[in-house]
Amino acid sequence: MESCYCIEPQWPADELLMKYQYISDFFIALAYFSIPLELIYFVKKSAVFPYRWVLVQFGAFIVLCGATHLINLWTFTVHSRTVAIVMTTAKVLTAAVSCATALMLVHIIPDLLSVQTRELFLKNKAAELDREMGLIRTQEETGRHVRMLTHEIRSTLDRHTILQTTLVELGRTLALEECALWMPTRTGLELQLSYTLHQQNPVGYTVPIHLPVINQVFSSSHAVKISPNCPVARLRPAGKYVPGEVVAVRVPLLHLSNFQINDWPELSTKRYALMVLMLPADSARQWHVYELELVEVVADQVAVALSHAAILEESMRARELLMEQNVALDLARREAETAIRARNDFLAVMNHEMRTPMHVIIALSSLLQETELTPEQRLMVETILKSSNLLATLINDVLDLSSLEDGSLQLELETFNLYAVFREVLNLIEPVASVKRLHVSLNLAPDLPEYAIGDEKRLMQTILNVVSNAVKFSMEGSISITAFVAKSESLRDSRAPEFYPVPSDNHFYLRVQVKDSGSGISPQDIHKLFTKFAQTQSTATRNSGGSGLGLAICKRFVNLMEGHIWIESEGLGKGCTAIFIVKLGIPGCLNESKLPIMPRMSTTIHSQIAFPGLKVLVMDENGVSRMVTKGLLVHLGCDVTMVSSSDECLRVVSHEHKVVLIDVCVPGIDGYETAMRIHEKFTKHHERPLIVALTGNTDKVINENCMKVGMDGIVLKPVSLDKMRSVLSDLLEHQVLFEAI
């Protein structure tokens, strides 16, 4: 090995010093090599350390320093050039790494200082989070108290219980000295002490509502601290103590305009009650924010609960009122049902008891009219017959009105000769008009159909009633009857807004005008004409007679025929014009298979018909009625057998009898059972006689019962000679006859 003379010692090496340096370099190298191992362990374990690359660089610097000191051990003795080169390389690398590390530390140190700032910031944030958590816990506590109070308040809907429970629960939750509720009086000008927690002040004490402190509380939606010495806060007796803090909050009284709660004001503006809460005296306690929020929430909950309670009280009062009304309605319904039953019983009695004598009078008059009479006698008989027919018409009017009012009357639609209806009305009215020397004219428009579909009987009754009124109230002059098809533009009438005519190809509207030259009527009295049993002053003063039912019934008939009726008059002494419009069907356009077409024979042909040898059995309990019916049948040539009971009828009836007339409305005799037993007696249809019911009752139940037991027809009393002739003729021809009821 060659000797190296690169290092020239400046002073003689001391052997002891060299030894210590040698040992020191060894331990320094050992320390330098151990520190990187610890840094490597730290970097490996610290996954979130932000300067790992700096630690790696610092570790390289320490390793190089350690290597430099280790190599330096060989320089204490004579060493080769290779050692010198290695030593130089290590020192150059160490210098480069140390400079780079120093430069990096210039940037790292400010970041390390900012970490301290962040640590301080995090500490502040942690403190703020602690405060927020405390606030959240406070809010949760407040919410728990609110839920508890709400549950207690809403557990009942009694107003007094709600308010008293509110005060008790607030006093317990907030540890209050006193809590009170001031309610507005009925006048709304004062607040009255209505509820207190400990009742230290007498309830009923009042203060003016316009005090500044009250206005201050009412104008704010939040709880307001008020002076303990103000009038609404003097809730404790005077004494030597330091009063606690007092807050007040308004309690809205919702929708007082919609209901009234006992003595509360019925006002449309919003009103408030006042809740006052006092902390214990001689204490340093103050109101916290969360406690004020609790008070505000409870005040709102109380307002809602009070509104619910008020609605419940109102609904209970409405329910009680409704129950009272239901009781009254039930009583009225029972009374109405009793009245209806009494009316029906009366009508049934009147039907039978009044129609039976009318049947006798009309039948005997018609029989007497067939005998040889002097002109004076014939005039008297005709007068009796006409008067009897008028009385029968009055009875029919009363019964028809009853049926119209209870809705049981229905139109009987059939095809009929419209011209014949007007001619028959003219024939009936001309004798009466001639007595008063009134000229009656009939004008039928050329476009008026000869045949129509409708209720012939009701139409004729309406026309006859209107024309009869014209004759009745006319002393002189003339009466004109005009009929034509109403045009669509003339159908609507402002006097009847409910009348909505609908033009169609299947029907037409018949317009009838009856104009007279009578005494007229005041325009203000026209509306009274269609009221039943009512007569105007102008008509009542005249000796005209009448029941006041005619036009009332006509109006109902016209309404059934989907029409309209009215009266026109310019005043007293200027005559009247009665006008009505009814809806009639056009034959050939409707389903006529369902409409009966009864063939009609002329009066002349009918008057010539007789029934010689026709055996007829008559069952009637009333002897007079039985004799009259027999007289009619005998005059028509019939062979009549009379019986007065069901048993006698069943014993006498035989296959020789062609017709059996049974009065089904006789008390004590069941005519329906008699009809059924006749059916049982004659099993063969051609041997059984035709069974016809004679009745004075127009109830539809009679019709249904007769059809149910198999009767072949119904004839309504009274019966004249011509009517009996027509009945027998139609019955024998068609084998069935149900007269309109």
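This tour visits the aromatic pairs of a predicted model and then one of its helices.

Begin with the aromatic side chains, of which the structure holds two pairs. Select Trp182 and Tyr205 and display their rings: the centres lie 6.0 Å apart and the planes meet at 65°, and because an angle over 60 degrees counts as edge-to-face, that is how this pair is classed. Now colour the surrounding backbone, where Trp182 belongs to strand S1 (residues 178–184), while Tyr205 sits in the loop between strand S2 (190–196) and strand S3 (206–208), so the pair ties together parts that are 23 residues apart in sequence. If you switch on a surface, Trp182 counts as buried, with a relative accessibility of 1%, whereas Tyr205, at 41%, counts as partly exposed.

Next, select Phe218 and Tyr272, whose ring centres are 5.5 Å apart and whose planes stand at 35°, so this pair is tilted. Phe218 lies in helix H5 (residues 212–218) and Tyr272 in strand S6 (residues 271–278), so the contact links parts that are 54 residues apart in sequence. Phe218 is buried at 13% relative accessibility, and Tyr272 is buried at 17%.

Finally, move to helix H9 by selecting residues 456–472. At 1.5 Å a residue, the 17 residues of H9 should span 24 Å, and the distance between its end C-alpha atoms, 24 Å, agrees with this. The helix is mostly covered, since 13 of its 17 residues are buried. To see how H9 starts, add Asp455 to the selection: Asp455 caps the N-terminal end of the helix, with a side-chain oxygen 3.1 Å from the backbone nitrogen of Arg458.

Methods
Residues numbered from 1 in each chain as written. Predicted model: local features only at pLDDT ≥ 70, side-chain atom pairs only at ≥ 80, totals over all residues. Heavy atoms only, no water. Phe/Tyr/Trp six-rings, centres within 6.5 Å; stacked < 30°, edge-to-face > 60°. Helix = DSSP H or I, 4+ residues; strand = E, 2+ residues; numbered from the N terminus. Buried < 20%, exposed > 50% of the residue type's maximum accessible area, 1.4 Å probe, protein only. Expected span 1.5 Å × (residues − 1). Polar contact = N/O pair within 3.5 Å; in protein donor to acceptor, adjacent residues only side chain to side chain.
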